[in-house]
Amino acid sequence: MAIERTLSIIKPDAIKRNLTGAIITLIENSDLHIVAQKRIRLTKEQAKTFYAFHKDRPFFDELVDFMLSSPVVVQVLEGESAISVYRNLMGDTDPTRAADGTIRKVFAKSIEENSVHGSDSAIAARVEIAQFFSDNEIVG
Ligand code: CDP
Ligand code: MG
């Protein structure tokens with residue numbers, strides 16, 4: 001067990017439906033602390049870099065367009081086992097398979113428009129946090 005940091009993104013479907021605060025409330029009701037946060041509009045390059053792992057998947061172009069369809073809120077979350085704690089709070093990628101009470105079960109519209117992103121490993125968290133935040137923007 002260790003204190004970790006993870007990258008969260010509140011995705012366009014949630015931003016467009018004014019769910020930023022509702023999602024932040026679920027995060028703050030868990031043991032996670034928001035140690036950095038900003039609202040930004042991704043560039044196409046940023047979105048493609050962020051999801052480069054999925055570049056050969058059939059949904060890639062649509063996913064990039066979705067991530068550009070409105071601003072997003074990017075956050076760094078900190079806490080004990082933050083990476084897995086946040087993945088559990090988010091729920092399954094497919095909201096029809098997500099557990100009750102998870103962010104995706106409560107808010108997601110579809111497997112694509114699924115309201116939130118969370119890093120899936122320590123390495124991913126380090127790379128994803130560095131894509132959006134400099135060290136002096138993270139205040140623990
Ligand atoms: O976000 P998560 O790590 O749970 O899932 P992923 O498998 O890494 O996929 C990244 C994102 O691609 C998902 O969150 C969806 O927004 C999108 N996706 C999609 O549009 N269609 C799929 N069949 C799978 C994922
Ligand atoms: Mg993923």
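Which residue of strand 3 is the bridge partner of Arg 5? In this predicted model, the bridge partner of Arg 5 is Glu 78. The pair belongs to an antiparallel arrangement in which strand 1, residues 3-10, is joined to strand 3 by eight bridges. Strand 3 is also joined to strand 2, residues 33-40, by seven bridges, and these two strands likewise run antiparallel. Within strand 3, Val 73 is the residue that stands opposite Arg 39. Strand 3 itself spans residues 72-80 and is mostly covered, with eight of its nine residues buried.

Several helices present a buried face. In helix 5, which comprises residues 82-90, the buried residues are Ala 82, Ile 83, Tyr 86, Leu 89 and Met 90. These residues lie on the same side of helix 5 because they cover an arc of only 130° around the axis. Their cover includes strand 1 and strand 3, together with strand 4 (116-118). Helical elements also contribute to this cover, among them helix 2 (20-29), helix 6 (103-107) and helix 7 (122-132). Just after helix 5, the backbone at Gly 91 adopts a positive phi of about 90°.

In helix 2, the residues Ile 23, Ile 24 and Ile 27 are buried. They span an arc of only 100° around the axis and are therefore placed on the same side of helix 2. Glu 28, also found in helix 2, is exposed, with a relative accessible area of 52%; this value exceeds the cut-off for exposure, which is set at over 50%. Between the C-alpha atoms of Glu 28 and Gly 118 the distance in space is 15 Å, although the two residues are 90 residues apart in sequence.

In helix 7, burial applies to Ala 124, Ala 125, Glu 128, Ile 129 and Phe 132. Viewed down the helix axis, the buried residues fall within an arc of 125°, so they line one face of helix 7. On the other side of helix 7, Ile 123, Arg 126, Val 127 and Ala 130 are exposed. The buried residues of helix 7 pack against strand 1, strand 2, strand 3 and strand 4, and also against helix 3 (44-50) and helix 5. The contact with helix 5 is matched in the description of that helix, where helix 7 is included in what covers the buried residues.

The loop between helix 6 and strand 4 contains Asn 114 as well as Ser 115. Asn 114 counts as buried because its relative accessibility is 2%, and the cut-off for burial is under 20%. The side chain of Asn 114 reaches the backbone oxygen of Ile 111 at 3.2 Å. When residues up to four places away in sequence are not counted, Asn 114 touches Lys 11, Asp 13, Thr 93, Arg 104 and Ala 108. Ser 115 is likewise buried, with a relative accessible area of 0%, and has a positive phi of about 75° although it is not a glycine. A positive phi, of about 60°, is also found at Asn 18, which is not a glycine. Asn 18 lies in the loop between helix 1 (12-16) and helix 2 and is exposed, with a relative accessible area of 71%.

Asn 114 is also among the residues around ligand 1. The others in this set are Lys 11, Tyr 51, His 54, Phe 59, Leu 63, Arg 87, Thr 93, Arg 104, Ile 111 and Glu 112. Polar contacts to oxygen atoms of ligand 1 involve both side-chain and backbone atoms of the protein. A polar side-chain atom of Lys 11 lies 2.9 Å from an oxygen atom of ligand 1. An N or O atom in the side chain of Asn 114 is 2.9 Å from an oxygen atom of the ligand, whereas for Glu 112 a backbone N or O atom lies 2.8 Å from an oxygen atom of ligand 1. On its own, ligand 1 has 500 Å² of accessible area, of which the protein covers 82%. Asn 114 thus has a side-chain contact with the backbone of Ile 111 and one with ligand 1, and Ile 111 is itself one of the residues around the ligand.

Note on methods:
Residues numbered from 1 in each chain as written. Chains lettered and ligands numbered in written order. Predicted model: local features only at pLDDT ≥ 70, side-chain atom pairs only at ≥ 80, totals over all residues. Heavy atoms only, no water. Buried < 20%, exposed > 50% of the residue type's maximum accessible area, 1.4 Å probe, protein only. Helix = DSSP H or I, 4+ residues; strand = E, 2+ residues; numbered from the N terminus. Pairing = 2+ DSSP bridges. Arc of directions from axis to C-beta. Contact = heavy atoms within 4.5 Å. Polar contact = N/O pair within 3.5 Å; in protein donor to acceptor, adjacent residues only side chain to side chain. Near = heavy atom within 4 Å. Areas by Shrake-Rupley, 256 points an atom, 1.4 Å probe, with all protein chains shown as cover.
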